[in-house]
Amino acid sequence: GIGKSSLCRAGVLPHVSDGALGGGRSWVVRSMVPGKKPLTALCNELAPLLNLGEEALASKLRIDPSELGRMMHKQMAADRGVVLFIDQLEEIVTIGEVEEARIVGEALGHLCARIPAMRMLMTVRSDFLARVAAVPGLGDELTRALYILRPLSPDKIREAIVGQAHIKGVSFESQALVDTLVESTAKTDGGLPLLQFALTELWEARKGDSITQAALDAIGGVAGALARHADQVMLTLPADQRIEARRILMALVTMEGTRARRSDEELARTPAAEQALQVLVQARLLVARDSGDGATYEVAHEALLKGWDSLRRWLEEHAESRAAKQRLETATAEWFRLGKSREALWSARQLADVEQLEKADINRRKHGIRFERSEERRV
């Protein structure tokens, strides 16, 4: 919540495109987020550069992760280079499949091995840094190239608030209003996303060329603007869509309290869910992205996970069922990995865990799950 992704996407990467790396090379930027299948995400970005299919590249890396470094070194011409930007690297240890995370960690470690035509830029939350550093292949490189991004100072926050408005010929009603915005942002942990949302609301509510204190009061201030907006969105939904919206929002938060990313197939299982998804995206509470295999969704602001009391309460109330769902998803992925082996089936005692889940929480169509009674096991 202090602007890691924004700094990279709006600052570092455009600077690279303008030739900041020098060396006589033309640099192309490829961007990815690990997601649940980090190996798939990595191959989606790099396979076209290697003139390979994504599955072909993935198969090679499963056999030997170090092959990626050698292939990139051979493929790149003397005047070309690739910058791989990996945003939200913590997903490797929060939602990424364990085996894929291991392969990707080793592959990335070899990519860092002084390949002249390769550069990598990654963002990772500081509270997950130790866990990410424990991924084989990544630890040494992280400590060698670590840059700690500190929160903006009050003076920098003021510059970000006033400077952009000034460019558009818009002013703030008073210095006291600016002081309030700066102070509220500086004292709030991860306050930049809250400021971003509040400024967007203030921009839309401006009177002519002026942003007023009355407008700030109306949206609930910096700290309350996003949560108040989210509650209002939920209240406008019909009862069936509100239930689906709550389920969708909880599904987009990991057990570790970070943002998860899920597909349209996983979330939009009923007409009411489809409508709720559309409303949440239009209200800027969720972000929809094209993954190549269809739309994926994630919570738009990290600040929602900590600053929206309603969402935090839902997560606490459903902590047990969410943990059971995660165990089911992990076991299902392992069952598929082992070729649907009978030895990987759950016992009746294990399946008692999922009896607390609602039908909407189990995606039978995607996972091919069926439940059968037998003397010893259920599938």
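Which element gives the most to the lining of the second largest pocket? In this predicted model, that element is strand S3, with 5 residues. The pocket itself holds about 1300 Å³ of space. Its lining is made up of 47 residues, and those nearest the centre are Lys4, Thr123, Val124, Tyr147 and Leu149. Two or more residues apiece come from helix H1 (4-17), strand S3 (118-122), helix H8 (139-144), helix H10 (175-186), helix H11 (191-204) and helix H17 (302-307). Sorted by class, the lining has 29 nonpolar residues, alongside 10 charged and 8 polar ones.

Strand S3 also leads into a set of parallel pairings. Strand S2 (residues 80-86) runs parallel to S3, and 5 bridges join the two. Within this pairing, Phe85 stands opposite Leu121 of S3. S2 is likewise parallel to strand S1 (residues 26-32), to which 7 bridges join it. Here Val28 has Val82 in S2 as its bridge partner. How enclosed is strand S2 by the rest of the structure? Of its 7 residues, 6 are buried, so S2 is largely enclosed.

A second arrangement of strands is antiparallel. Three strands, in the order S6-S8-S7, form an open sheet. Strand S6 (262-263) and strand S7 (286-290) each have a single partner strand, so each stands at an edge with one side lacking a neighbour in the sheet. S6 is joined to strand S8 (residues 295-299) by 2 bridges, and Arg262 has Tyr297 of S8 as its bridge partner. In general, strands of a sheet pair through backbone hydrogen bonds, in either a parallel or an antiparallel manner.

Several single residues help to fill in the picture. His229 belongs to helix H13 (residues 221-236). Is His229 buried or exposed? With a relative accessible area of 15%, His229 falls under the 20% cut-off and therefore counts as buried. Once neighbours within four places in sequence are set aside, its contacts are Phe197, Ala283 and Leu285.

Ser310, placed in helix H18 (residues 309-317), is buried as well, its relative accessible area being 11%. Between the C-alpha atoms of Ser310 and Glu329 there is a separation of 25 Å, with the two residues 19 apart along the chain.

Pro48 offers a further case, this time from the loop between helix H2 (38-46) and helix H3. Its relative accessibility is 47%, so Pro48 counts as partly exposed. Apart from residues up to four places away in sequence, Pro48 touches Arg30 and Cys43.

A word on confidence is helpful when reading these details. The protein chain has an average pLDDT of 85, and 92% of the residues score at least 70. Among its elements, helix H3 (residues 54-63) has the highest mean pLDDT, at 95, whereas helix H21 (residues 364-367) has the lowest, at 45. The pLDDT is below 50 over residues 364-379, a stretch that has 34 contacts in the model beyond near neighbours in sequence. Where pLDDT is low, predicted coordinates should not be read in detail.

Terms used: Residues are numbered from 1 along each chain as its sequence is written. This is a predicted model: local features need pLDDT of at least 70, side-chain atom pairs count only at pLDDT 80 or more; totals for chains, interfaces and linings use all residues. Side-chain values use heavy atoms; hydrogens and water are left out. pLDDT is the predictor's confidence in each residue, from 0 to 100. Helices (H or I, at least four residues) and strands (E, at least two) are DSSP runs, numbered from the N terminus. Contact means heavy atoms within 4.5 Å. On a 1 Å grid over the protein atoms alone, a cavity is a set of points where a 1.4 Å probe fits but cannot get out, and a pocket is an open set with protein on both sides within 12 Å along at least five of seven lines; lining residues have an atom within 4 Å of a point. Grid points are joined across faces, edges and corners, and a volume is the space filled by probe spheres set on the points. Ala, Val, Leu, Ile, Met, Phe, Trp, Tyr, Cys and Pro count as nonpolar, Asp, Glu, Lys and Arg as charged, and the others, Gly among them, as polar. Buried means under 20% relative accessible area, exposed over 50%, partly exposed in between (1.4 Å probe, protein chains only). Two strands pair if DSSP finds at least two bridges between them.
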